[in-house]
Amino acid sequence: MPPDAKVSSISQAVRELRKKGHHVSHLHIRNIWPLPEGLAALLGSFNSVLVPELNNGQLVKLLRAEYLVDAESLTRVTGRPFRIAGLVQAVEERLQRSAQ
(Lines give C-alpha, C1' and ligand atoms only; values in the text may rest on other atoms or scores of the structure.)
Protein backbone atom coordinates (compact mmCIF):
# COMPACT_ATOMS: atom_id res chain seq x y z
CA MET A 1 0.00 0.00 0.00
CA PRO A 2 1.46 3.41 -0.90
CA PRO A 3 2.20 5.60 2.14
CA ASP A 4 -0.50 8.13 1.25
CA ALA A 5 -3.25 5.62 0.43
CA LYS A 6 -5.07 6.46 3.68
CA VAL A 7 -4.87 10.18 2.94
CA SER A 8 -6.18 9.60 -0.58
CA SER A 9 -9.31 7.83 0.65
CA ILE A 10 -9.89 10.57 3.20
CA SER A 11 -9.45 13.25 0.52
CA GLN A 12 -11.88 11.46 -1.77
CA ALA A 13 -14.42 11.05 1.05
CA VAL A 14 -14.19 14.78 1.83
CA ARG A 15 -14.80 15.60 -1.85
CA GLU A 16 -17.88 13.37 -1.92
CA LEU A 17 -19.23 14.84 1.31
CA ARG A 18 -18.75 18.38 0.00
CA LYS A 19 -20.59 17.46 -3.21
CA LYS A 20 -23.48 16.39 -0.99
CA GLY A 21 -23.43 19.82 0.67
CA HIS A 22 -21.67 18.93 3.93
CA HIS A 23 -19.20 21.42 5.40
CA VAL A 24 -16.23 19.17 6.13
CA SER A 25 -12.45 19.45 6.00
CA HIS A 26 -9.46 17.24 6.52
CA LEU A 27 -5.95 17.65 7.83
CA HIS A 28 -3.00 15.31 7.37
CA ILE A 29 -0.59 15.50 10.29
CA ARG A 30 2.78 14.30 9.01
CA ASN A 31 4.71 14.48 12.29
CA ILE A 32 3.09 13.71 15.60
CA TRP A 33 5.90 14.92 17.83
CA PRO A 34 6.27 17.69 18.22
CA LEU A 35 2.71 18.36 17.15
CA PRO A 36 2.41 21.15 14.56
CA GLU A 37 2.32 24.71 15.83
CA GLY A 38 -1.18 26.19 15.75
CA LEU A 39 -2.88 22.79 15.79
CA ALA A 40 -4.76 23.54 19.02
CA ALA A 41 -6.39 26.65 17.56
CA LEU A 42 -7.19 24.85 14.32
CA LEU A 43 -8.84 21.89 16.04
CA GLY A 44 -10.71 24.23 18.37
CA SER A 45 -12.26 26.03 15.41
CA PHE A 46 -14.34 22.97 14.43
CA ASN A 47 -17.64 21.81 15.92
CA SER A 48 -16.45 18.21 15.86
CA VAL A 49 -13.25 16.35 15.07
CA LEU A 50 -13.11 12.80 13.70
CA VAL A 51 -9.74 11.06 13.61
CA PRO A 52 -9.55 8.06 11.24
CA GLU A 53 -6.67 5.81 12.27
CA LEU A 54 -5.40 2.46 11.07
CA ASN A 55 -4.58 1.45 14.66
CA ASN A 56 -6.21 1.50 18.09
CA GLY A 57 -6.56 5.27 18.33
CA GLN A 58 -3.18 6.47 19.55
CA LEU A 59 -3.37 9.84 17.78
CA VAL A 60 -6.84 10.70 19.08
CA LYS A 61 -5.66 9.95 22.62
CA LEU A 62 -2.67 12.26 22.13
CA LEU A 63 -4.85 15.06 20.72
CA ARG A 64 -7.29 14.74 23.63
CA ALA A 65 -4.48 14.80 26.17
CA GLU A 66 -2.53 17.69 24.65
CA TYR A 67 -5.38 19.96 23.54
CA LEU A 68 -8.44 18.83 25.54
CA VAL A 69 -10.33 18.58 22.25
CA ASP A 70 -13.39 16.31 22.10
CA ALA A 71 -12.06 14.33 19.15
CA GLU A 72 -13.80 11.12 18.15
CA SER A 73 -11.86 8.11 16.96
CA LEU A 74 -12.61 6.01 13.88
CA THR A 75 -10.30 3.03 14.02
CA ARG A 76 -9.57 0.12 11.79
CA VAL A 77 -7.06 -2.55 12.72
CA THR A 78 -7.60 -5.07 9.95
CA GLY A 79 -4.45 -4.16 8.04
CA ARG A 80 -6.56 -2.84 5.17
CA PRO A 81 -7.03 0.82 4.23
CA PHE A 82 -10.21 2.78 4.79
CA ARG A 83 -12.76 2.62 1.99
CA ILE A 84 -14.18 5.90 0.74
CA ALA A 85 -17.78 4.74 1.18
CA GLY A 86 -17.08 3.68 4.76
CA LEU A 87 -15.58 7.07 5.61
CA VAL A 88 -18.49 8.92 3.99
CA GLN A 89 -20.98 6.81 5.94
CA ALA A 90 -19.13 7.33 9.24
CA VAL A 91 -19.05 11.11 8.79
CA GLU A 92 -22.70 11.29 7.71
CA GLU A 93 -23.76 9.26 10.76
CA ARG A 94 -21.88 11.64 13.05
CA LEU A 95 -23.29 14.70 11.31
CA GLN A 96 -26.80 13.29 11.66
CA ARG A 97 -26.26 12.60 15.37
CA SER A 98 -24.97 16.12 15.99
CA ALA A 99 -27.97 17.64 14.17
CA GLN A 100 -30.43 15.99 16.57
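A polar contact is a pair of N or O atoms within 3.5 Å, where, within protein, one atom must be able to donate a hydrogen and the other to accept it. The exercises below concern a predicted model.

**Exercise 1. Decide whether Ser 11 is buried or exposed, and identify the side chain with which its own side chain makes a polar contact.**

Step 1. Begin with the location of the residue, which is helix α1.

Step 2. Ser 11 has a relative accessibility of 14%, and because buried means under 20%, Ser 11 counts as buried.

Step 3. The partner is His 26, whose side chain makes a polar contact with the side chain of Ser 11 at 3.4 Å, a value that falls within the 3.5 Å cut-off.

**Exercise 2. Describe how strands β1 and β2 are joined, and determine the handedness of the crossover between them.**

Step 1. Strand β1 comprises residues 49-53 and strand β2 residues 71-75; the two run parallel and are joined by five bridges.

Step 2. To fix the register, take Val 49, which stands opposite Ala 71 in β2.

Step 3. Between the two strands the chain passes through helix α3, residues 58-67, and the resulting β-α-β crossover is right-handed.

**Exercise 3. Test whether the end-to-end distance of helix α4 agrees with its number of residues, and then establish where its buried residues lie around the axis.**

Step 1. Helix α4 covers residues 84-99, and its 16 residues, at 1.5 Å a residue, should span 22 Å.

Step 2. The C-alpha atoms at the ends of α4 are 23 Å apart, which agrees with the expected span.

Step 3. The buried residues in α4 are Leu 87, Val 88, Ala 90, Val 91 and Arg 94. These residues cover an arc of only 165° around the axis, which puts them on the same side of α4.

Step 4. On the other side of the helix, Ala 85, Gln 96 and Ala 99 are exposed.

Step 5. As a single case from the buried side, consider Val 88, which counts as buried at 5% relative accessibility. The C-alpha atom of Val 88 is separated by 8.8 Å from that of Ile 10, although the two residues are 78 residues apart along the chain.

**Exercise 4. Work out how many salt bridges the model contains, which parts of the chain they tie together, and which residues are linked in a network.**

Step 1. The count comes to three salt bridges.

Step 2. In one of them the side chains of Lys 20 and Glu 92 meet, with an N to O distance of 3.1 Å. Lys 20 lies in the loop between α1 (5-19) and α2 (39-44), whereas Glu 92 belongs to helix α4, so this pair ties together parts that are 72 residues apart in sequence. Lys 20 is partly exposed, with a relative accessible area of 49%, and Glu 92 also counts as partly exposed, at 25% relative accessibility.

Step 3. Another salt bridge brings together the side chains of Arg 94 and Glu 72, at 2.9 Å from N to O. Since Arg 94 lies in helix α4 and Glu 72 in strand β2, the pair ties together parts that are 22 residues apart in sequence.

Step 4. The side chain of Glu 72 also meets that of Arg 97 in a salt bridge, at 3.1 Å from N to O. Arg 97 lies in helix α4 and Glu 72 in strand β2, so here the parts tied together are 25 residues apart in sequence.

Step 5. Glu 72, Arg 94 and Arg 97 are therefore linked in a network of salt bridges, in which Glu 72 is partly exposed, with a relative accessible area of 29%, while Arg 94 is buried.

Technical notes
Residues are numbered from 1 along each chain as its sequence is written. This is a predicted model: local features need pLDDT of at least 70, side-chain atom pairs count only at pLDDT 80 or more; totals for chains, interfaces and linings use all residues. Side-chain values use heavy atoms; hydrogens and water are left out. Two strands pair if DSSP finds at least two bridges between them. Helices (H or I, at least four residues) and strands (E, at least two) are DSSP runs, numbered from the N terminus. A crossover is right-handed if, with the strands pointing away from the viewer, the path from the first strand over the helix to the second runs clockwise. The expected span of a helix is 1.5 Å times one less than its number of residues. Buried means under 20% relative accessible area, exposed over 50%, partly exposed in between (1.4 Å probe, protein chains only). The arc is that of the directions from the helix axis to the C-beta atoms. A salt bridge is a side-chain nitrogen of Lys or Arg within 4 Å of a carboxyl oxygen of Asp or Glu.
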